[in-house]
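Work through the exercises below with the model open. Try each task before reading its solution.

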Amino acid sequence: MARSKAAIVLCLDVGFTMSNSCPGEESSLEQAKKVMTKFVQRQVFAESKDEVAVVLFGTDGTRNGLASEDQYQNITVHRSLMLPDFDLLEDIQTVIQPGSQQADFLDAIIVCMDLLQKETVGKKFEKRHIELFTDLNSPVSEDQLEIIVANLKKTGTSLQFFLPFSVNDDDGGGDKSAHVHSHLHQNSFPRKGLTEQQKEGVDVVTKLMHTLDEGGGLEEIYTFRESLERLSMFKKIERRPAPWTCQLTIGSNLSIRIVAYKSLTEEKVKKTWTVVDAKTLKKEDVQKETVYCLNDDDETEVQKDDTIQGFRYGSDIIPFSKEDEEQMKYKAEAKCFSVLGFSRASQVQRHCYVGNQVLKVFAAKDDENAAVAFSALVHALDELKVVAIVRYVYDRRCNPQIGVAFPYIKDAYECLIYVQLPYMEDVRQYMFSSLKNNKKFTPTADQLSAVDSLIDSMNLVYEDDDGETFEDLFKPSKIPNPHFQRLYQCLQHKAFHPNEPLPPIEQHLLEMLEMPCMVKERCQVPLEKVKALFPLKDVGKKKEEKTAQDIFKDDNEDGPNPKKQKIEDEEDSFSIIKLAEGSVTSVGSVNPAEDFRILVRQKNADFKDVSQQLINRIDQFLEHKSSQYYMKGINCIRVFREEAVKLSKVRCFNDFLQALKSKVEDKALVDFWEIVVQDRISLITKDEAEGSSVTSEEAEKFLAPKEKRNEPLPATDEGGDVDDLVSTIKT
């Protein structure tokens, strides 16, 4: 099913009045060009199939199909109907300049309709739009107003106006809902200081839009500011709904033809980063080769056919060929949507929903028997308050899933909602002590009341005075992903300004996930009450008890305290007896990790000196190039990291690990570094210790390989490519 396309004409007034502006303010032309730029950006990044044309009026010259000696003058078709691209964006920003003439905007609309009629011949467009940007400051004649209205209705062409001011009067009258909308969003401008020509233009526009749509004609008139706010969000890429057909089976005798669509799935950036030549910017100019070499002095080259993949099992590598991998895969006979049984809906908890997609399952189209049987199943599940436990296999290449299908009944349609359930290995079971049986953690009545008030004040549903729900203040499904928005903003900037630094993050992106202002104001008093009833006290650093041995000991004594009863961290794996022995004077080769622990805890110990001893031992272990010594070195690194975090010696460990990575690459100790990566031993981040400046992302990147080998992509993921349900169902 192909997605409907639209033919869009952007009609821009470039007459000399559009360039006028008050000191310190943008001209109407610049504001209009910003709105057009935002619109085209959305179309480009959404990979829209809509085609866009540009018509200018008020130009010094004339170029259109209707022009004669005294008709349709100073109107120019700047760009014919075609897919939007970066050339169009560049035209809007730099090529389109203000003119010195004026033209009738109704004549411009007629030129736009003529363009749509001629350039859509032989093409299939379900929608036609004319978007007109003007300040209404040019002379206008109503002679052909009725003809324009008749043709717009006949061809099904919609018309929208974008103005620097609002056409709504501020006298308190008019549509109440429009007033509420304006109050909530505050996008409209007061009509002050309009010229007589603009007032006449407003009357013509109002008459035109009311004639086109008596009920909501004025809703198609927008201000530049309102449009910029709405268009500041990049549109998501439109997906073609791809049906997944199968048989819903219950036992061996009942089968119902069904079709499923993706209703919910995590959107990911489809465009991936690629390496190109810095001068030509072409991918073809960069050739990449992968060479396999033996870990010997000569680094003998090995053909790829002479290599085999392996799976690390403990410290050993288990060879596993491609043939083994294929034989290991689960072989499903075909796609499957089979009901294993039924369960009470209350038995399936919401926290057990897993997977990366939600499917809406319908009866097969144009199959009356399937529709009747499927409807009976859905209504039975709903009435009995039970759900179906389902075995789902996308196709024979995919592993099976266990999921739940529960009924979903709306006025316009009914379906089953399928969500994947976890296997045993997916569930994490943790045991925590109860808060109920501990009087220390039992809240008072005042504390409970304060928290209740706080929760009530942070209600995200705005209700009017009558108690009826008026508006949802925070809709996650309506909030665009800030990551995508920032990415597209930066890509668009780099396309036009390749040598300039990236712009700062736009304010609306920073505010996108903030608490709504209304909620923030409403919860201030309850927050203060909670703060007063749940006071926080700074307990400070617990003072270490001193013994007589600590007070009267010799200042030159370097050994450990034999009478100290408690070490700094009770969870350390070594005992106080080892500290008391005082026999460890250096990091040995037998048990270097324990030696290191003891030495760094001794009074007056030099952490840098002791850690260098440990580093020397690690280097000795790596020289042997044996799995036994590799694991010993890994244990040393792990202990080194733990003690560096506890004693705030972050830089010492991070410098060592960075040097180790370079050394591993130079000496071709790939096997050893793979163990480090698998055990997730990375740089100490600032979240773990205050002395670090390393972020979690940098620590993760540190373990990432420099260059990934090109591996063939799997035929499909386990979720399949059942696409999202967009326009096939109307709610």
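Two strands count as paired if DSSP finds at least two bridges between them. The model used here is predicted.

**Exercise 1.** Find the partners of strand β15 and say how each one runs.

*Solution.*
- Step 1: Take β13, residues 336-344. Strands β13 and β15 are antiparallel, with eight bridges between them.
- Step 2: Pick out one facing pair. V387 in β15 has S343 opposite.
- Step 3: Turn to β16, residues 401-409. Five bridges link β16 to β15, and these two strands also run antiparallel.
- Step 4: Pick out a pair here too. I389 lies opposite V404 in β16.

**Exercise 2.** Is strand β15 mostly covered or mostly open?

*Solution.* Locate residues 386-393. Apply the cut-off: buried means under 20% relative accessible area. Seven of the eight residues in β15 are buried, so the strand is mostly covered.

**Exercise 3.** Lay out the open sheet of six strands, and explain why one side of β3 and of β6 has no neighbour in it.

*Solution.*
- Step 1: Write the order: β3-β2-β1-β4-β5-β6, with mixed pairing.
- Step 2: Look at the edges. β3 (75-82) and β6 (221-223) each have a single partner strand, so one side of each lacks a neighbour in the sheet.
- Step 3: Add the twist, which averages 15° from one strand to the next.
- Step 4: Check one pairing. β5 (residues 157-163) and β6 are parallel, over three bridges. F161 has I221 in β6 as its bridge partner.
- Step 5: Place helix α3, residues 105-119. Helix α3 packs on the sheet and touches β1, β2, β3, β4 and β5. The direction of α3 makes about 150° with that of β4.

Notes: Residues numbered from 1 in each chain as written. Predicted model: local features only at pLDDT ≥ 70, side-chain atom pairs only at ≥ 80, totals over all residues. Heavy atoms only, no water. Helix = DSSP H or I, 4+ residues; strand = E, 2+ residues; numbered from the N terminus. Axes fitted to C-alpha atoms, helices over the stretch in contact; angles between N-to-C directions. Contact = heavy atoms within 4.5 Å. Buried < 20%, exposed > 50% of the residue type's maximum accessible area, 1.4 Å probe, protein only.
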